[in-house]
Amino acid sequence: MIYSDIALDAVLVAVLTDLFLLRTQLLTRGIFWLTYGLILPFQLLTNWWLTSKNIVMYSSSEIIGKRIAGAPIEDLLFGFSMILATLSLWVFITRKLNLGKQQSDRPL
Amino acid sequence: MAHYHYLLVLAFIAVCALGVSLSFRLRVPRFWQAFILTDAAIMALYLAWDFWAVAHKNWSFDSSQILGAKLLHRIPIEEIAFFIIVPLMTIITYLALTKLLSKTKFVSDHDLF
């Protein structure tokens, strides 16, 4: 069940990155959860396509065996970690590059 | 035609990304620098995981449903495209919602682009 282990680790790394490493604190923000909630059904849809047609196949010994929309439940952890990591990096980088409206419009 | 099965789902996400960014007038190209930096980090981590997982047979791809070109003989090029288009779609979704909800408690002024 190594996929289960790594998927959990990925969530942990993404959470620590958001809360402490980059301090983007998206987990505490409603906008993040709304974004995740909107993406989730699309993830289930693409998971269903990829697994029901056996485009991607998972080794049964590396997953716990529970499936949602055809795909191992571990895929939800993978997806969550990638969405959180992407947005945390995005918010951090755009702030560093001063791309926000408020930053660039702010008087000196 | 089966060779396009994986590619088809990526095309679907790409069409969604284009549709949302145009209809919300997000002017996404102005963020190319930030996107490259963000995606470089995501790709480094997740392609490494992918490579390891394929090597250890955690998952595999049906060779009749992918184009066939592979990075380092392991990762189908569709996977590389996946790790570009999915983070892009994620960011576009976030930008669109931020814009849509800019007058609500979900969004503060410094979130706006």
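Helix axes here are lines fitted to C-alpha atoms over the stretch in contact, and angles between them run from 0 to 180 degrees between N-to-C directions. By that measure, helix 1 (residues 5-23) and helix 3 (residues 77-100) of chain B pack at about 25°, with axes 9 Å apart. The model is predicted. Chains A and B meet in a contact that takes 35 residues from chain A and 36 from chain B.

**Helix packing inside chain B**

- Angles under 35 degrees count as roughly parallel. Helix 1 and helix 3 of chain B are therefore roughly parallel to each other.
- The crossing of these two chain B helices, 1 and 3, is left-handed.
- Helix 1 of chain B brings Tyr6(B), Leu7(B), Leu10(B), Ile13(B), Ala14(B), Cys16(B), Ala17(B), Val20(B) and Ser21(B) to the contact.
- Helix 3 of chain B answers with Glu78(B), Ala81(B), Phe82(B), Ile85(B), Val86(B), Leu88(B), Met89(B), Ile92(B) and Ala96(B).
- By class, the contact between helix 1 and helix 3 of chain B has 16 nonpolar residues, one polar and one charged.

**The interface as seen from chain A**

- The contact between the chains draws on 35 residues of chain A and 36 of chain B.
- On the chain A side, helix 1, helix 2, strand 1 (56-58), helix 3 (74-96) and helix 4 (101-105) each supply at least two residues.
- The chain A residues that touch chain B divide into 22 nonpolar, ten polar and three charged.

**Strand pairing across the chains**

- Strand 1 of chain A pairs with strand 1 of chain B.
- The pairing is antiparallel and runs over three bridges.
- Val56(A) stands opposite Phe61(B), a residue of strand 1 of chain B.

**Helix 2 of chain A against helix 3 of chain B**

- These two helices, 2 of chain A and 3 of chain B, pack at about 125°, with their axes 10 Å apart.
- That angle makes helix 2 of chain A oblique to helix 3 of chain B.
- The crossing of helix 2 of chain A and helix 3 of chain B is right-handed.
- Helix 2 of chain A contributes Ile31(A), Leu34(A), Thr35(A), Leu38(A) and Ile39(A).
- Helix 3 of chain B contributes Thr90(B), Thr93(B), Tyr94(B), Leu97(B) and Thr98(B).
- The contact of helix 2 of chain A with helix 3 of chain B has six nonpolar residues, four polar and no charged ones.

**Helix 3 of chain A against helix 2 of chain B**

- Helix 3 of chain A and helix 2 of chain B pack at about 145°, and their axes are 9 Å apart.
- Helix 3 of chain A passes helix 2 of chain B in a right-handed crossing.
- From helix 3 of chain A come Met82(A), Ala85(A), Thr86(A), Leu89(A), Trp90(A), Ile93(A) and Thr94(A).
- They meet Ala34(B), Leu37(B), Thr38(B), Ala41(B), Ile42(B) and Tyr46(B) in helix 2 of chain B.
- The contact of helix 3 of chain A with helix 2 of chain B has ten nonpolar residues, three polar and no charged ones.

**Two leucines of chain A that touch chain B**

- Leu50(A) is in helix 2 of chain A. With 23 C-beta neighbours inside 10 Å, Leu50(A) counts as buried.
- Leaving aside neighbours within four places in sequence, Leu50(A) is in contact with Ile55(A), Val56(A) and Val9(B).
- Leu50(A) and Gly70(A) are 20 residues apart in sequence and 8.5 Å apart in space, C-alpha to C-alpha.
- Leu97(A) sits in the loop between helix 3 and helix 4 of chain A. With 13 other C-beta atoms within 10 Å, Leu97(A) is partly exposed.
- Not counting residues up to four places away in sequence, Leu97(A) touches Gln33(B) and Ala34(B).

**Positive phi outside glycine**

- Arg23(A) has a phi near 50°, a positive value in a residue other than glycine.
- Arg23(A) lies in the loop between helix 1 (2-21) and helix 2 (30-52) of chain A. With 11 C-beta neighbours inside 10 Å, Arg23(A) counts as exposed.
- Lys57(B) has a phi near 55°, a positive value in a residue other than glycine.
- The loop that holds Lys57(B) runs between helix 2 (32-55) and strand 1 (59-61) of chain B. Lys57(B) is exposed, with 12 other C-beta atoms within 10 Å.

Methods
Residues numbered from 1 in each chain as written. Chains lettered and ligands numbered in written order. Predicted model: local features only at pLDDT ≥ 70, side-chain atom pairs only at ≥ 80, totals over all residues. Helix = DSSP H or I, 4+ residues; strand = E, 2+ residues; numbered from the N terminus. Parallel < 35°, antiparallel > 145°, perpendicular 65-115°, else oblique. Left-handed = near helix turned anticlockwise from the far one by under 90°. Contact = placed C-beta atoms within 7 Å. Nonpolar A, V, L, I, M, F, W, Y, C, P; charged D, E, K, R; others polar. Buried ≥ 20, exposed ≤ 12 C-beta atoms within 10 Å, placed from the backbone. Pairing = 2+ DSSP bridges.
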